[in-house]
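The following paragraphs consider how secondary-structure elements are arranged in a single model. Please examine the fold before reading on.

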Amino acid sequence: LRFRIGEGAVPFRLVLQAFTSSGLESTEGDDWNVLWAKRVSEETFQSMNPFQKVNHFPGTWGIGRKDNLWRNLSKMQRLHGKQAYGFFPTTYIMPGDYGALAQEFRRKPNQVMIVKPLASACGRGIRLTRRLPKANRYKRSLLQKYLGNPMLVNGYKFDLRLYVAMTSVDPLRLYLFQEGIVRFATEPYSTAPDPAGGAPGSGRPQKLKNRFVHLTNYCVNKTNGNFVSRAVADGFPETAGSKWTLTELIQWWASNHGSLHLPAWAEVWESIKEVVVKTLLSVENVVVSETRRLVPHSGCCFELYGFDVLLDSNAKPYVLEVNIMPSLGPSDVADRQVKAQLLSHLLTLVGVVPYDRQRWREWRQAGGHSHSRQPR
């Protein structure tokens, strides 16, 4: 059994350990059982044999970029209504939606928008604003209505990184990993005006430059002196660091949801599963079509998604972003604990199959094709 790390893919230590501990050996050739790649070419999809697995489906770009994700979700919202597809913030993609954005600011001045570059990661370029930008300022960005009523834990904003494995698109088969990462901002959340700014609605802008209050990205908050690494935190859970596991959040939830008038976690989890399924349904047709066009054998593709989910103060989940190549680097104890389990479960789900490479080559050279009996 062999695995290959494709060009451009980061060879995270946990990924390599997951493969080797499962009995796979690394290879640079084309005789791999599993290809772990950043991108997969059409030629690679088309040349796969039925015993090979690759970590992407064709067509998943439809949710991997921020603009494509919002276009697909917005399309589903138009088809099925906001009650069914109301789990993402109102979004304006620049420059095409500038007219609609200007109209929204005329309707409601001084509202807070969050600006995100279309194809960046790690919190780069994200900022908050109360002002309508100039038409040509954000050419490759989107602006979203800021969700100003987030769920707080001990006064801090957080979001969830959840992992979803897709092993089939026809029929659609999804697995939501029971564990996840809870990522905290590193300054207490507040929408109170800065003394140098003005009260909301006063016509003077409120300062929104403190990214450590409003953003939960690890790469942003690790640069703050208030960031508490899990390696040095002691106590549970109030001082368990700036990252928790989902299990720890569930334990906090069990102790606090009654006094905070929140639904039980089981109800929240069902809502999260619903928005995950609906998000992936938004690209199902494209992925099915591209898979039928490019992949000659069934069961050769799988995908690991990283869903970023925010809970509002009523515990309603909102999808913020979907990553088709989520980081699997172990930045602290919580990361190592969650991601090592995740990769082990993922390889079990995928089901790597051994085969006789020499017999396979001979069969292909003899003119074998997909509907005839294939050697193992």
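Is the crossing in which helix 1 passes helix 11 left-handed or right-handed? Helix 1 passes helix 11 in a right-handed crossing, the near helix being turned clockwise from the far one by less than a right angle (anticlockwise would be left-handed). The model is predicted: local features need pLDDT of at least 70 and side-chain atom pairs pLDDT 80 or more, whereas totals for chains, interfaces and linings use all residues. Residues are numbered from 1 along each chain as its sequence is written, and side-chain values use heavy atoms, without hydrogens and water.

Helices (H or I, at least four residues) and strands (E, at least two) are DSSP runs numbered from the N terminus. The axes of helix 1 (residues 13-21) and helix 11 (residues 333-350) come within 10 Å and cross at roughly 40 degrees; axes are lines fitted to C-alpha atoms, for helices over the stretch in contact, with angles from 0 to 180 degrees between N-to-C directions. Helix 1 is therefore oblique to helix 11, a class left after roughly parallel (under 35 degrees), roughly antiparallel (over 145) and roughly perpendicular (65 to 115). In the contact (heavy atoms within 4.5 Å), helix 1 contributes Leu-14, Val-15, Ala-18 and Phe-19.

An open sheet of four strands follows the order 5-8-6-7 with antiparallel pairing, where pairing requires at least two DSSP bridges. Strand 5 (91-93) and strand 7 (127-129) form its edges. Three bridges join strand 5 to strand 8 (residues 141-145), and Tyr-92 has Leu-143 of strand 8 as its bridge partner. Helix 4 (residues 66-80) lies across strands 5, 6 and 8, at about 50 degrees to strand 8.
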